[in-house]
Amino acid sequence: EYGGYERVGFNARVTRPLAGGELSLTANLLKLKADNPGSVAAGAPFGKRGTGADPLENDPFRGVWNTYLVFVTRKEVDQQQLGARWTGAIGGFEGDFSFYGVHRAVWNPIPVDLIDLDRNGGGVRGALSRSYSTGAGELEWHAGVDLDLQSDDRKEWGNDDGAPPLGDPPLLSQDEDVRGLGVFLQVNLELPGGADALAGLRYDSHRFEAKDWLPGGGDDSGD
């Protein structure tokens with residue numbers, strides 16, 4: 001028998017008035033440990049781990065392939081995330097500003113390989129909006145910009161009973177960085193009869209960079 005998981009999560013949110021608007025603070029924590037039994041072995045009784053014929057052909061509880069037991073396949077995740085958002089009036093406009101930061105660590109032995117990932121990310125977003133009365137109806141526009149950053153320290157090892165082989169170098173060792181920038185504009189016009197006319201425009205730019213730390217590696221950066 002091989003399978004099961006443990007998961008602990010925490011979520012909290014606090015709001016309060018600030019500078020004529022409202023400030024919201026959010027925190028999320030996650031800790032996960034899960035075994036990965038993969039597929040079950042056809043023709044093997046439950047608990048036999050794929051080592052023999054199954055006299056109970058229709059028994060849905062069958063054993064796990066021995067491969068998953070040898071490599072101790074599983075996933076362990078630790079994640080922490082913080083965020084803040086403020087909304088309120090700014091000089092005749094309605095403002096909406098937010099930011100977040102996140103850290104995620106993943107330990108993931110799979111058959112043959114072992115993935116070790118350490119990730120940091122974050123982003124900011126700012127938007128302004130305003131409404132006008134027209135002869136046709138209410139005109140409202142929203143405009144803003146958002147920026148997201150992510151940085152990964154990624155390693156891959158051989159898998160020796162769920163751990164890196166003692167003394168062996170990693171199979172892969174690289175830093176991976178991603179940057180995303182977006183600019184947007186949206187206009188909404190109320191029309192007679194209760195209909196709305198909506199138009200939007202958005203531009204996005206993404207950049208991916210990878211730095212290989214193994215001898216003989218190269219720079220795989222790209223736009």
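Which side chain meets that of aspartate 152 in a salt bridge? The partner is arginine 119, at 2.8 Å from N to O. The views below show this pair and other details of the predicted model.

**View 1. Salt bridge of aspartate 152 and arginine 119.** The side chains of these two residues meet at 2.8 Å, N to O. Aspartate 152 lies in strand S8 and arginine 119 in strand S7, so the pair ties together parts that are 33 residues apart in sequence. Aspartate 152 counts as buried because its relative accessibility is 3%, under the 20% limit. Arginine 119, at 24%, counts as partly exposed.

**View 2. Salt bridge of aspartate 153 and lysine 155, and a salt-bridge network.** The side chains of aspartate 153 and lysine 155 meet at 3.2 Å, N to O. Aspartate 153 is partly exposed, with a relative accessible area of 32%, and lysine 155 is partly exposed as well, with 23%. Arg119, Asp152, Arg154 and Glu176 are joined into one network by salt bridges that share partners. The structure holds 10 salt bridges.

**View 3. Salt bridge of arginine 74 and glutamate 76.** The N to O distance between these side chains is 3.0 Å. Side chains of opposite charge can pair when their charged atoms come close. Arginine 74 counts as buried, at 14% relative accessibility, whereas glutamate 76 counts as partly exposed, at 25%. Glutamate 76 also has a bridge partner in S6, tryptophan 107.

**View 4. Surroundings of aspartate 146 in strand S8.** Strand S8 spans residues 138-158 and includes aspartate 146. Is aspartate 146 buried or exposed? Aspartate 146 is buried because its relative accessible area is 13%, under the 20% limit. The side chain of aspartate 146 makes a polar contact of 3.2 Å with the side chain of arginine 202. Leaving aside residues up to four places away in sequence, aspartate 146 touches Val124, Arg125, Gly180, Leu181, Gly182, Phe184 and Arg202. Of these, glycine 182 is the bridge partner of aspartate 146 in S9.

**View 5. Nonpolar surface patch with leucine 181.** Val145, Leu181, Val183 and Tyr203 make a nonpolar surface patch of about 350 Å². Leucine 181 belongs to strand S9, residues 172-190. With a relative accessibility of 33%, leucine 181 counts as partly exposed. Leucine 181 is also among the residues that aspartate 146 touches.

**View 6. Antiparallel pairing of S5, S6 and S7.** Strand S5 (residues 74-90) and strand S6 (residues 93-109) run antiparallel and are joined by 15 bridges. These two strands form a hairpin with two residues between them, and glycine 91 in the turn has a positive phi of about 55 degrees. On S6, pairing with strand S7 (residues 113-133) is antiparallel too, over 16 bridges. One residue pair of this kind is tyrosine 100 opposite glycine 123 in S7.

**View 7. Antiparallel pairing of S8, S9 and S10.** S8 and S9 pair in the antiparallel sense over 18 bridges. S9 in turn is joined to strand S10 (residues 196-212) by 17 bridges, and these strands also run antiparallel. Leucine 185 has leucine 201 as its bridge partner in S10. The hairpin of S9 and S10 has five residues between the strands. In its turn, glycine 193 has a positive phi of about 90 degrees.

**View 8. Valine 112 in the loop between S6 and S7.** The hairpin of S6 and S7 has three residues between the strands. Valine 112 is not a glycine, yet has a positive phi of about 80 degrees. Valine 112 counts as exposed because its relative accessibility is 52%, over the 50% limit.

**View 9. Aspartate 161 in the loop between S8 and S9.** Aspartate 161 has a positive phi of about 55 degrees, although it is not a glycine. The relative accessible area of aspartate 161 is 54%, and the residue is therefore exposed.

Definitions and conventions: Residues numbered from 1 in each chain as written. Predicted model: local features only at pLDDT ≥ 70, side-chain atom pairs only at ≥ 80, totals over all residues. Heavy atoms only, no water. Helix = DSSP H or I, 4+ residues; strand = E, 2+ residues; numbered from the N terminus. Buried < 20%, exposed > 50% of the residue type's maximum accessible area, 1.4 Å probe, protein only. Polar contact = N/O pair within 3.5 Å; in protein donor to acceptor, adjacent residues only side chain to side chain. Contact = heavy atoms within 4.5 Å. Patch = residues over 30% accessible without salt bridge, like charges linked within 9 Å, V, L, I, M, F, W, Y side chains within 5 Å. Areas by Shrake-Rupley, 256 points an atom, 1.4 Å probe, with all protein chains shown as cover. Salt bridge = Lys/Arg side-chain N within 4 Å of Asp/Glu carboxyl O. Pairing = 2+ DSSP bridges.
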